[in-house]
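Subject: Structure handover and notes

Dear colleague,

I am passing on the structure we spoke about, together with some notes on what turned up in it. Please have it open while you read, as the notes go through it element by element.

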Amino acid sequence: MEKIQIIAVIVSLLFLTYIGYLIIKGKLREEYAIIWIICTGILLIFSVWRKGLDFFANLLGVVAPPNIVFTAAIFAILIYLLHLSVVVSKLQSKTKILAQEIALLKQELDTLKKDSNSKK
C-alpha cells in the first residue's frame, strides 16, 4: 500500500468517526448522515482498491478515469441540491402556516384581553 493510500484510508476513517460524533451529538440527522456515510464508503473503497477507478472507466468506456469521479460528484451534488430544495420548500410552507396560526392566536389573545379589561 502506498503512502497516499494510507493517508486516504486514515482520512476516510476519521471522517466516518466525525460523522458518527455529529450523529451522537444530534447535530446531524440520520437521513443526511447516510449520504455522507455512503460517499465516505465509496472513497474508502477506491482508496484501498486503486485499480477500481480504471476498472469502471474501462467498463463504461471513459478514456480518463478521473472524469468518472467528476461526473459522479456533479451528479451527486445535483441530486443533493434537489433534495435540499424540496426540504426547504416544505419548511417554507410549514413556516408560513405556523406564522399564520401565531397571528390568529395573537389576535384571539388580544380580543380576550380587551374583553377582560372591559368587564372590569
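I would begin with helix α2, which runs over residues 30–48 and has 19 residues, and whose first and last C-alpha atoms are 26 Å apart, close to the 27 Å expected at 1.5 Å a residue. Please keep in mind throughout that this is a predicted model. Within α2, the residues Tyr32, Ala33, Thr40 and Ser47 are buried. They lie on the same side of the helix, because the arc they cover around the axis is only 95 degrees. As for what they meet there, the buried residues of α2 pack against α1, which spans 3–24, and against α4, which spans 65–119.

Turning to α1, its 22 residues should span 32 Å at 1.5 Å a residue, and this agrees with its end C-alpha atoms, which are 32 Å apart. The buried residues in α1 are Gln5, Val9, Ser12, Ile19 and Leu22. Viewed down the axis of α1, these buried residues fall within an arc of 145 degrees, so they line one face of the helix. The face turned away from that buried side carries exposed residues, namely Lys3, Leu14, Thr17 and Ile24. As background to such one-sided patterns, an α-helix has 3.6 residues a turn, so residues three or four places apart point the same way. The cover over the buried residues of α1 includes α2, and just after α1 there is Gly26, which takes a positive phi of about 80 degrees.

Two residues of α1 show in more detail how this helix meets other parts of the chain. Ser12, which is found in α1, counts as buried because its relative accessibility is 7%, where the cut-off is under 20%. If its neighbours within four places in sequence are left aside, Ser12 is in contact with Thr40, Leu43, Leu44 and Ser47; of these, Thr40 and Ser47 are among the buried residues of α2. Gln5, which also lies in α1, is buried with a relative accessible area of 9%. Not counting residues up to four places away in sequence, Gln5 touches Ser47, Val48 and Arg50, so that Ser47 appears in the contacts of Ser12 as well.

The other feature to look at is the largest pocket, which has a volume of about 850 Å³. Its lining is made up of 26 residues, and those that lie nearest its centre are Cys39, Ile42, Leu43, Phe46 and Val69. The helices α1, α2, α3, which covers 52–60, and α4 each supply at least two residues of this lining, and the largest share, nine residues, comes from α4. Sorted by class, the lining has 19 nonpolar, five polar and two charged residues.

One of the residues nearest the centre of that pocket, Val69, has its place in helix α4. Is Val69 buried, partly exposed or exposed? With a relative accessible area of 41%, Val69 is partly exposed. Finally, Val69 and Ser116 are 47 residues apart in sequence, and their C-alpha atoms are 69 Å apart in space.

With best wishes

Definitions and conventions: Residues numbered from 1 in each chain as written. Predicted model: local features only at pLDDT ≥ 70, side-chain atom pairs only at ≥ 80, totals over all residues. Heavy atoms only, no water. Helix = DSSP H or I, 4+ residues; strand = E, 2+ residues; numbered from the N terminus. Expected span 1.5 Å × (residues − 1). Buried < 20%, exposed > 50% of the residue type's maximum accessible area, 1.4 Å probe, protein only. Arc of directions from axis to C-beta. Contact = heavy atoms within 4.5 Å. 1 Å grid on protein atoms, 1.4 Å probe; cavity = no way out; pocket = protein on both sides within 12 Å on 5 of 7 lines; lining within 4 Å. Points joined across faces, edges and corners; volume = space filled by probe spheres on them. Nonpolar A, V, L, I, M, F, W, Y, C, P; charged D, E, K, R; others polar.
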